[in-house]
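Me: I've got a model open and I'd like to check the labels people put on it. Mind if I keep asking how you know?

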Number of protein chains: 2
Amino acid sequence: MAVETMPKARVVLQQCLSAKLQIQPETDETPAKHVEINRGLVVYVCFLNDATEDILDKMVKNVLMTRLSEGGDRKLVSILDLPGDVLIIPQATLGGILKGKMMQYHKNIDKETGLKLYTNFVEMCEQSLTENSKNKGVDVCVKSGTYGNRQVFSCTTNGPYTHIIEF
Amino acid sequence: MAVETMPKARVVLQQCLSAKLQIQPETDETPAKHVEINRGLVVYVCFLNDATEDILDKMVKNVLMTRLSEGGDRKLVSILDLPGDVLIIPQATLGGILKGKMMQYHKNIDKETGLKLYTNFVEMCEQSLTENSKNKGVDVCVKSGTYGNRQVFSCTTNGPYTHIIEF
């Protein structure tokens, strides 16, 4: 038996060939708006109680630098080294704990702090990816979903290789 | 700090409007084969060391009876009560633990036992869904991926509502 502390954040990572996320629902006047990425990494992110800014640096590094993507010679490389796009999706449901037949979300962070952490996490990922792209002379992007909304999402994969990392 | 034992299995659950999974790759003679589901639940499943048959009953019940699907009046209902389809995908990567920049899978169960548990899990889900369908007079299905292969996968969702349950 290992002694574990509660994580402060949880991410689920999936590889994609393409992915599309709604960032604004359709209204009477305007069609729905979406962001799209090509080959890359889908990052579902959830902040839990006690999450603070000081975990973001490690989160960004682990998400962008862990070797999860299949390179040209089938060796695993990081999304920065692939290089590929990144789609970040807020996913508060990852904080759910099963009680009876319902999920409870008591361990999730409050919305205001969650939004702040999420916004900073996205910005830090953008910054890392942009610097890396400049150095490598490649054209990749970070896209992200809007916090607190329904994440209408579709993707195609060549195998999602789903991984969970806790912080 | 809570004292926790290592889980014996881990599932990731996502809602979908439709999903498609390759079950046989293309060859020179034959096109790739796929299974498809309509609105329902995508179940990624991974068995870890010490997983045994006696956890399967609880796993099937929790996956099929937890209220994760949005019913007609936006109330959450189980996949059995929706009713909807189920797509079960073997996903050994869920057992990964980050070491440095690589994922390690030392806690994953051996392939032979994993295949046996996976096969039984799929059969038990099929049985529960079939009984439920008969009672309700509806036409829903369980589809599943082939163990140990690349899970070439695509889906559309109205919000994946990603949840993790450990057993």
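Me: How do you know how chain A relates to chain B: what turn and what shift lay one on the other?

Reply: Bear in mind that this is a predicted model. Chain A goes onto chain B with a turn of 180 degrees and a shift of 0.0 Å along the axis, and the RMSD is 0.0 Å. That turn and shift are why the relation is that of a two-fold axis. The contact fits with this: 100% of the contact residues of chain A recur in chain B, so the same surface serves both copies.

Me: What makes a residue part of that contact, and how many does each chain give?

Reply: The test is heavy atoms within 4.5 Å. By that test, 41 residues come from chain A and 41 residues from chain B. The area buried between the two chains is about 3,800 Å², with carbon and sulfur atoms giving 58% of that.

Me: Why is the pair B:Arg150 and A:Glu70 called a salt bridge?

Reply: The rule wants a side-chain nitrogen of Lys or Arg within 4 Å of a carboxyl oxygen of Asp or Glu. Here it's an Arg and a Glu, with N to O at 2.8 Å, so the pair passes. The rule finds 2 salt bridges across the interface of chain A and chain B. As for polar contacts, 21 residue pairs count between the two chains.

Me: Which elements of chain A supply at least two residues each to the side that touches chain B?

Reply: They are strands S1 (2–4), S2 (9–16), S10 (102–104), S12 (153–156) and S13 (163–166), plus helix H1 (56–65). S12(A) gives the most, with 4 residues. Sorted by class, that side of chain A has 19 nonpolar, 15 polar and 7 charged residues.

Me: What makes S12(A) and S12(B) a strand pair?

Reply: Pairing takes at least two bridges in DSSP. S12(A) and S12(B) are joined by 3 bridges, so they qualify, and they run antiparallel. In that arrangement, A:Ser154 stands opposite B:Thr156 in S12(B).

Me: How many salt bridges are there over all chains, and how do you know that A:Arg10 and A:Glu166 make one?

Reply: Over all chains, the structure holds 10. For A:Arg10 and A:Glu166, the side chains meet at 2.7 Å, N to O, and the cut-off is 4 Å, so that's a salt bridge too.

Me: And why say that this pair ties together parts that are apart in sequence?

Reply: Because A:Arg10 lies in strand S2 of chain A and A:Glu166 in strand S13 of chain A, parts that are 156 residues apart in sequence.

Note on methods. Residues are numbered from 1 along each chain as its sequence is written. Chains are lettered from A and ligands numbered from 1 in the order in which they are written. This is a predicted model: local features need pLDDT of at least 70, side-chain atom pairs count only at pLDDT 80 or more; totals for chains, interfaces and linings use all residues. Side-chain values use heavy atoms; hydrogens and water are left out. Buried area is the accessible area (1.4 Å probe) that two parts lose on being put together, summed over both. A polar contact is a pair of N or O atoms within 3.5 Å; within protein, one must be able to donate a hydrogen and the other to accept it, and residues adjacent in sequence count only if both atoms are side-chain atoms. Ala, Val, Leu, Ile, Met, Phe, Trp, Tyr, Cys and Pro count as nonpolar, Asp, Glu, Lys and Arg as charged, and the others, Gly among them, as polar. Copies are superposed by least squares on the C-alpha atoms of residues with pLDDT of at least 70 in both.
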